[in-house]
Amino acid sequence: MTTEHTSARSPTTSRTVLPHGTRSPGTTVLEDLSGFEPSEVDVTIDNECIVIQARHTTRTESHEYGYGLRERTDTVHRRIPLPTHSDASAAHVEFDRGLLTITVPLHKVEQHPRVHRQDAEAGE
């Protein structure tokens, strides 16, 4: 799993990946992106990984002692691998008050009935 955070300020983002079966079958990612607007966050999901990219730029001008310009850019890049049988086409992404929630369910795998030994012997 690769995690990067580049920022002019101390990192304020945190990620929680809930394991399979904790909330729902599949993977749920909770990412704290406080300070970012929804338009500054990009999420890409395929059957192998989730990629989260966010970029926020703040520009401050000050004319108090001559001219001053201060610019700060916060960037977040996360790449989170998904388990086998993830269904990216059914993924759900929600961004609410700085909390990004991504849920990727698993494909429904057909389960074949198991033949118990005594059932097999009874059929003979």
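In this predicted model, I102 offers a good place to start. Leaving aside residues up to four places away in sequence, I102 touches T27, T28, V29, V43, I45, I50, I52, H92 and V93. I102 also belongs to the largest nonpolar core, a group of 13 residues. Within that core, the residues that touch the most other members are L33, F36, V41, I50, I52, L100 and I102. Two or more residues of this core come from each of the elements β5 (49–62), β6 and β8. Such a grouping fits a general pattern: in soluble globular proteins, nonpolar side chains tend to be buried together.

Strand β8, which spans residues 99–105, is a helpful next stop. This strand is mostly covered, with 5 of its 7 residues buried. On one hand, β8 pairs with β3 in the antiparallel sense, over 7 bridges. Strand β3 covers residues 26–32 and is likewise mostly covered, since 5 of its 7 residues are buried. Two partnerships show how these strands line up: L30 has T101 in β8 as its bridge partner, and T28 stands opposite T103 in β8.

On the other hand, β8 is joined to strand β7 (residues 92–96) by 5 bridges, and these two strands also run antiparallel. Here the bridge partner of F95 is L100 in β8, and L100 is listed among the core residues that touch the most other members. Strands β7 and β8 form a hairpin with 2 residues between the strands. In this hairpin, R97 takes a positive phi near 50°.

A further hairpin is built from β4 and β5, with 3 residues between them. Strand β4 (residues 41–45) runs antiparallel to β5, and 5 bridges join the two. One of the pairings places D42 opposite its bridge partner in β5, Q53.

From Q53, the path leads on to R78. These two residues are 25 residues apart along the chain, yet their C-alpha atoms are separated by 6.6 Å. R78 lies in strand β6, which runs over residues 68–81. Is R78 buried or exposed? With a relative accessible area of 4%, R78 falls under the 20% cut-off and so counts as buried. Its side chain is not without a polar partner: the side chain of R78 makes a polar contact with the side chain of E31, at 3.1 Å. E31 falls within the residue range of β3, so this contact links a residue of β6 with one of β3.

T57 gives another view of the region around β5, the strand in which T57 is placed. T57 has a relative accessibility of 40% and therefore counts as partly exposed, between the 20% and 50% limits. The C-alpha atoms of T57 and D74 are separated by 6.4 Å, although these residues are 17 residues apart along the chain. Which residues does T57 touch, not counting those up to four places away in sequence? They are E71, R72 and T73. With T73 there is also a polar contact between the two side chains, at 3.4 Å.

Methods
Residues are numbered from 1 along each chain as its sequence is written. This is a predicted model: local features need pLDDT of at least 70, side-chain atom pairs count only at pLDDT 80 or more; totals for chains, interfaces and linings use all residues. Side-chain values use heavy atoms; hydrogens and water are left out. Buried means under 20% relative accessible area, exposed over 50%, partly exposed in between (1.4 Å probe, protein chains only). Helices (H or I, at least four residues) and strands (E, at least two) are DSSP runs, numbered from the N terminus. Two strands pair if DSSP finds at least two bridges between them. A polar contact is a pair of N or O atoms within 3.5 Å; within protein, one must be able to donate a hydrogen and the other to accept it, and residues adjacent in sequence count only if both atoms are side-chain atoms. A nonpolar core is a set of buried Ala, Val, Leu, Ile, Met, Phe, Trp, Tyr and Cys residues joined through side-chain atoms within 4.5 Å. Contact means heavy atoms within 4.5 Å.
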